[in-house]
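Please look over the sequence and the structure shown here. The paragraphs after them give a guided reading.

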There are 2 protein chains.
Amino acid sequence: MSVDLVHTGLAGQTVAVLRELVLTGEIAAGERVNEVGLAQRLGISRGPLREAIRHLASEGLLVLTPNRGAHVPVADNTGVHALFELRSALECAAARLAAARRTDADLTRMREVSAASRAAFTTGEFPYRLDLAFHGALLEAARSPLVAEQVRLAQQRVVLLRAAKELTFSHEQASIDEHDVLIEAIGDQDADRAAAVMATHLDRVRDQLLTTG
Amino acid sequence: MSVDLVHTGLAGQTVAVLRELVLTGEIAAGERVNEVGLAQRLGISRGPLREAIRHLASEGLLVLTPNRGAHVPVADNTGVHALFELRSALECAAARLAAARRTDADLTRMREVSAASRAAFTTGEFPYRLDLAFHGALLEAARSPLVAEQVRLAQQRVVLLRAAKELTFSHEQASIDEHDVLIEAIGDQDADRAAAVMATHLDRVRDQLLTTG
DNA sequence: AAGTTGTTAACTGTCGACAGTTGGCAGAAT
DNA sequence: ATTCTGCCAACTGTCGACAGTTAACAACTT
């Protein structure tokens, strides 16, 4: 809830700053967060920082231990499987909704992102930003704000996993191809096929993350 | 994250107390939450109360407005549809997982809850507690802790909707019947059928909630 | 009378200080 | 050498007070 709107006030800003610190791996996996130290470093009081920490914890980016504070979670293989079960549940449903509700403009947008991905790939780059852009375009087509919000939270936790494994996004042809198959299924308004393609896509991404680490 | 474990400390306890106040409708829909007043009423300081408020907000049980504090959300029909899209996404996936992973013990447990529901129904009662127990048993069978957690959060928001509409749970034969069909599909390890049954079940519950209010 | 502006009270946002708990470390006993 | 015990430092949990903002009300203008 209200992830973008509450950039008001010190607590809201601190959420953004701390999120970046965690996602970039500047605060490594397993590392504890010292309240007084970080508060001084950010030039703020402990109050807003605590609220920011609790917020990030509710997103799964931090883990709270009573009287021991917060630390960045360290995910084992079991945790990765659990996270991708959640992401798959949400994003397959989003693919279904997108297939049912997409407009021609949505399709155009998704094709644009896919084309940009291919163009970037030929130059040897396939930035994670473009991958997120594609999934974001799909979420827009699904027109389900709550599902979209939860998908973004799950994706964020995957980003954290990549940071923990010190992985820059692997440049994969397979992902772009699967995106295009997804576009096709959504274009045909074939919800079942879209969900199935999404499921296999995410399974492959998960396995690649597991084997690479 | 950590919804059950952080009952330590005043903030954790306050989360539980405040959650009850919201879910029972003691704090009505649309009503604002006064920090100083509620803090005095609970005999605590504003710090822990603020953290509790932020926590409930992250669960969707409260809405934060910059410099205006928190209030219980008022859901219109659009909001109800959006919420049930999320719940359906999660719980259909849970049904799929349950069909794939259920043990005989899981089946037995679900049948027990269903039998208890029927017994209660003959006496004119069908407590919401038993409905939650059934869905809880299904979640256990799914063996996906993150999905289960999100399902419970979504269910909780539905409870809030019922409280807002001052609805006691309607005694519905249809729900119990649908539960049994779900058990059958899960027993047959038919994931597609389980998901389909769950989807129609939730659609019916949603429509009933919309028409009754 | 309607609209506008100045004022004010109530509330949230933030801070610094104090209290309580935890885990580690040093030292004694076996 | 090892284990147990008592201390201690560092940290989190909590509190009360101050600062900043908002929305409503009153007075004034047109």
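What follows goes from the overall form of one chain to single residues.

The model is predicted. Chain A has nine helices and three strands. Along the sequence these elements come in the order α-β-α-α-β-β-α-α-α-α-α-α, so that pattern ends with a run of helices.

The overall dimensions come next. The C-alpha trace of chain A spans about 55 × 35 × 30 Å along its principal axes. How does the radius of gyration of chain A agree with that of a compact globule? For 213 residues, a compact globule would have a radius of gyration near 17 Å, and the 18 Å of chain A agrees with this. Of the 213 residues in chain A, 49% count as buried. The contacts of chain A can be sorted by separation along the sequence: among those with a separation of 6 or more, 74% are accounted for by residues 24 or more positions apart.

The surface and the charges of chain A can be described in the same way. Chain A has an accessible surface of about 9,600 Å², and carbon and sulfur atoms hold 53% of that area. Chain A carries 23 positive and 28 negative charges, and the mean positions of the two sets lie 5 Å apart.

Cysteines are the next topic. How many disulfides does the structure hold? Over all chains, the number is zero. A:C92 is in no disulfide, and the nearest cysteine sulfur, at 12 Å, is that of B:C92. For B:C92, likewise in no disulfide, the nearest cysteine sulfur is that of A:C92, 12 Å away. A disulfide needs the two sulfur atoms within 2.5 Å, and the 12 Å from A:C92 to the sulfur of B:C92 therefore does not meet that cut-off. Is A:C92 buried or exposed? A:C92 has a relative accessible area of 11% and is buried. B:C92 is buried too, with a relative accessible area of 11%.

Another residue links the two chains. B:Q150 is placed in helix α7 of chain B. Its relative accessibility is 14%, so B:Q150 counts as buried. Which residues does B:Q150 touch, once those up to four places away in sequence are set aside? They are A:L86 and A:Q150 in chain A, and B:L90 in chain B.

Chain B has a further buried residue in a helix. B:R206 sits in helix α9, which covers residues 191-212 of chain B. With a relative accessible area of 16%, B:R206 is buried, because buried means under 20%. Neighbours within four places in sequence aside, B:R206 is in contact with B:V80, B:H81 and B:F84.

B:E112 belongs to helix α5 of chain B, residues 104-122. At 46% relative accessibility, B:E112 counts as partly exposed. B:E112 and B:F134 are 22 residues apart along the chain, and their C-alpha atoms are separated by 9.0 Å.

The loops supply the remaining examples. Between β2 (63-65) and β3 (69-71) of chain A there is a loop that holds A:R68. A:R68 is partly exposed, at 47% relative accessibility. From A:R68 to A:S114 the distance is 46 residues in sequence and 45 Å in space, C-alpha to C-alpha.

A:V74 is in the loop between β3 and α4 (77-101) of chain A. Is A:V74 buried or exposed? A:V74 counts as exposed, since its relative accessibility is 58% and exposed means over 50%. Not counting residues up to four places away in sequence, A:V74 touches A:A29 and A:G30. A:V74 is 131 residues from A:V205 in sequence, with 19 Å between them in space, C-alpha to C-alpha.

The last loop is described in both chains. A:R143 is in the loop between α6 (128-142) and α7 (145-164) of chain A. Although A:R143 is not a glycine, its phi is positive, at about 55°. A:R143 counts as partly exposed, at 43% relative accessibility. In chain B, B:R143 lies in the loop between α6 (128-142) and α7 (145-164). B:R143 has a positive phi of about 55° and is not a glycine. Its relative accessible area is 42%, so B:R143 is partly exposed.

Definitions and conventions:
Residues are numbered from 1 along each chain as its sequence is written. Chains are lettered from A and ligands numbered from 1 in the order in which they are written. This is a predicted model: local features need pLDDT of at least 70, side-chain atom pairs count only at pLDDT 80 or more; totals for chains, interfaces and linings use all residues. Side-chain values use heavy atoms; hydrogens and water are left out. Helices (H or I, at least four residues) and strands (E, at least two) are DSSP runs, numbered from the N terminus. The radius of gyration is taken over C-alpha atoms; the globule rule is 2.2 Å times the number of residues to the power 0.38. Buried means under 20% relative accessible area, exposed over 50%, partly exposed in between (1.4 Å probe, protein chains only). Contact means heavy atoms within 4.5 Å. Accessible areas come from the Shrake-Rupley method with a 1.4 Å probe; for residues, only the protein chains shown count as cover. Lys and Arg count as positive and Asp and Glu as negative; His and the chain ends are not counted. The place of a charge is taken as NZ of Lys, CZ of Arg, CG of Asp or CD of Glu.
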